[in-house]
Every structure is written in C-alpha cells, then in structure tokens.
Amino acid sequence: MSGTRECGVCWSVYDPAIGDDVWQVPAGTAFDDLPADWRCPKCDSAKEKFVRPESEAEVSPVTALEVAYRAAGTRMAGLPVVNPALGIELFGFRAHEGGWAGVVVTPWCMNVIFVPPAGEAVVKQGTKRPRVFPSGTLEFTVGTLEGVGVVESCSLFSPMGDFPDMTTARRVAQEAVDALFTREPAVSPTPPAPAPVPSRRDLFRRAFALR
C-alpha cells in the first residue's frame, strides 16, 4: 500500500502500482507526479482532497477491497471473459454483522461481497455459508483476496457480456444494494394460493433482469 492516497470524499484509492485507467495514468506513476488537473475518477474531487494513510491499519477493508479488485482487473485485461465496456466500482458498502457488505462490479462479474469481521473464525476456502440480510438469507462462497484476507462472495452476474455499458451496470448494482438491505414485507395473514418459491438467486436475477 506504499504511496497510496485515499479520497477524503468517497474514499476511493489511488494506488501507484495500478495507475488510473479513467485518466489514462500508467502504472508506476507516483501520486505527486499526477497532472495538476487530475481528479478522483469516482467522485470528481480535486487532487487536494486525497490524503495519505498513516499506517496499514488505517486502511479500511472497503478501501483494501477496491485496491485488490483493481489489481485483479489489471491481471485479467484482455481475457475473453472481460467486458471492455465496464470498469470496477464498489456500491453501497456498509457495516453488517461486524463486517462489511455491498456489491462489486467488475468487467467479468457482479457479486455481493461480505468481508467478515477480523475476529471471526476462519473457514476453509470454497466453503458455502449463509449470511442473513434484511431482505433474507444469501449463500456465500468463502475465498481470499491479497491485501484483504478472507472475503465471501455471492454471484449475481457472471460473465458480464450482456451489459452494454457502465451506466447499466451501475443501475443494476444500485438496485441490488437497495434490495439487499431492504426488509421484505411481512406475509399477509390470508395469503393467496401457494406458488413455487424461487431461490434468492432467482429473485435477484428476476428483479435485475436487463431490459
């Protein structure tokens, strides 16, 4: 994380090891060497709004998560599963069950991500585990990301070839976040005739189907 800067408005990270695709800044460019008119690619804040983390411990899990995904994006550039019309963005991350949860959009997938709390017992990679949200229960797969540690993911879309542009991906991601943290209405005391209950994944796919 040496040489990184965090936006004081949206906490987006500039990592010299990655550079900035939006401003076409090549990897290896130090923050101090960025153009004077460079601005945050996520919220358009001025360069002066960026601050230096005082230590690794002060870098939030969400910040580390974005850095890790951007590094992965650099490694995956040009692969057939990558949709070049899309970028990498995090949506709606907030504290949940002692950890952090939100949606990550990349050119190759859109996932609900949960970063477990630091003190939680570690389970084997690949393990399926449920997480309860206001909207209900989702099943996550346990994995790891360099610089972050244990992360759990629930796939919404993969690959991302059906998304024509980032505007569409942002809309769907925001809808997913809103649905994730919205409590489902109580069941009516006189419900209609029972119908097949779709899985949580089916609900997400039906709600966020591209039009």
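**The pocket and the two sheets**

Helix α1 gives the most to the lining of the largest pocket, chipping in five residues. This comes from a predicted model, and the pocket makes a handy place to start looking around. Its volume is about 700 Å³. In total, 33 residues line the largest pocket, and those nearest its centre are D21, V22, R70, G87 and I88. Apart from α1 (61-76), the elements β2 (13-14) and α2 also each supply at least two residues of that lining. Finding a pocket like this rests on a simple idea: rolling a probe the size of a water molecule over the atoms shows where empty space is left.

One residue of α1 is worth a pause. A71 sits in this helix. Is A71 buried or exposed? Neither label quite fits: A71 has a relative accessible area of 23%, so it counts as partly exposed, given that buried means under 20% and exposed means over 50%. A71 also shows how the fold brings distant parts of the sequence together in space: A17 is 54 residues away along the sequence, yet the two C-alpha atoms are 8.3 Å apart.

Now for the whole chain. It holds three helices and nine strands, and going along the sequence they come in the pattern β-β-β-α-β-β-β-β-β-β-α-α. The strands build two sheets, described in turn below.

Take the sheet of six strands to begin with. It is open, its pairing is antiparallel, and its order is β4-β5-β6-β9-β8-β7. The edges are β4 (89-96) and β7 (128-133), each of which pairs on one side only. From one strand to the next, the twist averages 35 degrees.

How many bridges join β6 to β9? There are five, between residues 110-115 of β6 and residues 149-157 of β9, and the two strands run antiparallel. Within this pair, N111 has S155 of β9 as its bridge partner, while V112 stands opposite C154. As a rule of thumb for reading such pairs, side chains in a regular strand alternate between the two faces of the sheet.

On its other side, β9 meets β8. These two strands also pair in the antiparallel sense, over five bridges, with T141 standing opposite S153 in β9. They form a hairpin with three residues between the strands, and in the turn G147 has a positive phi of about 90 degrees.

Helix α2 (residues 166-180) lies across this sheet, over β4, β5 (99-105), β6, β7, β8 (136-145) and β9. The helix runs at about 10 degrees to β4. As noted above, α2 also supplies at least two residues of the pocket lining.

The other sheet has three strands. It too is open and antiparallel, with the order β2-β1-β3. Here the edge strands are β2 and β3 (50-51), each pairing on one side only. Two bridges join β1 (residues 5-7) to β2, and these strands run antiparallel. In this pair, E6 stands opposite V13 of β2. Strand β2 also turns up in the lining of the largest pocket.

A few totals finish the picture. Of the 211 residues in the chain, 41% are buried. The chain exposes about 11,700 Å², and carbon and sulfur atoms supply 55% of that area. Among contacts between residues at least 6 apart in sequence, 56% join residues at least 24 apart.

Conventions: Residues are numbered from 1 along each chain as its sequence is written. This is a predicted model: local features need pLDDT of at least 70, side-chain atom pairs count only at pLDDT 80 or more; totals for chains, interfaces and linings use all residues. Side-chain values use heavy atoms; hydrogens and water are left out. Two strands pair if DSSP finds at least two bridges between them. Helices (H or I, at least four residues) and strands (E, at least two) are DSSP runs, numbered from the N terminus. Axes are lines fitted to C-alpha atoms, for helices over the stretch in contact, and angles run from 0 to 180 degrees between N-to-C directions. Contact means heavy atoms within 4.5 Å. Buried means under 20% relative accessible area, exposed over 50%, partly exposed in between (1.4 Å probe, protein chains only). Accessible areas come from the Shrake-Rupley method with a 1.4 Å probe; for residues, only the protein chains shown count as cover. On a 1 Å grid over the protein atoms alone, a cavity is a set of points where a 1.4 Å probe fits but cannot get out, and a pocket is an open set with protein on both sides within 12 Å along at least five of seven lines; lining residues have an atom within 4 Å of a point. Grid points are joined across faces, edges and corners, and a volume is the space filled by probe spheres set on the points.
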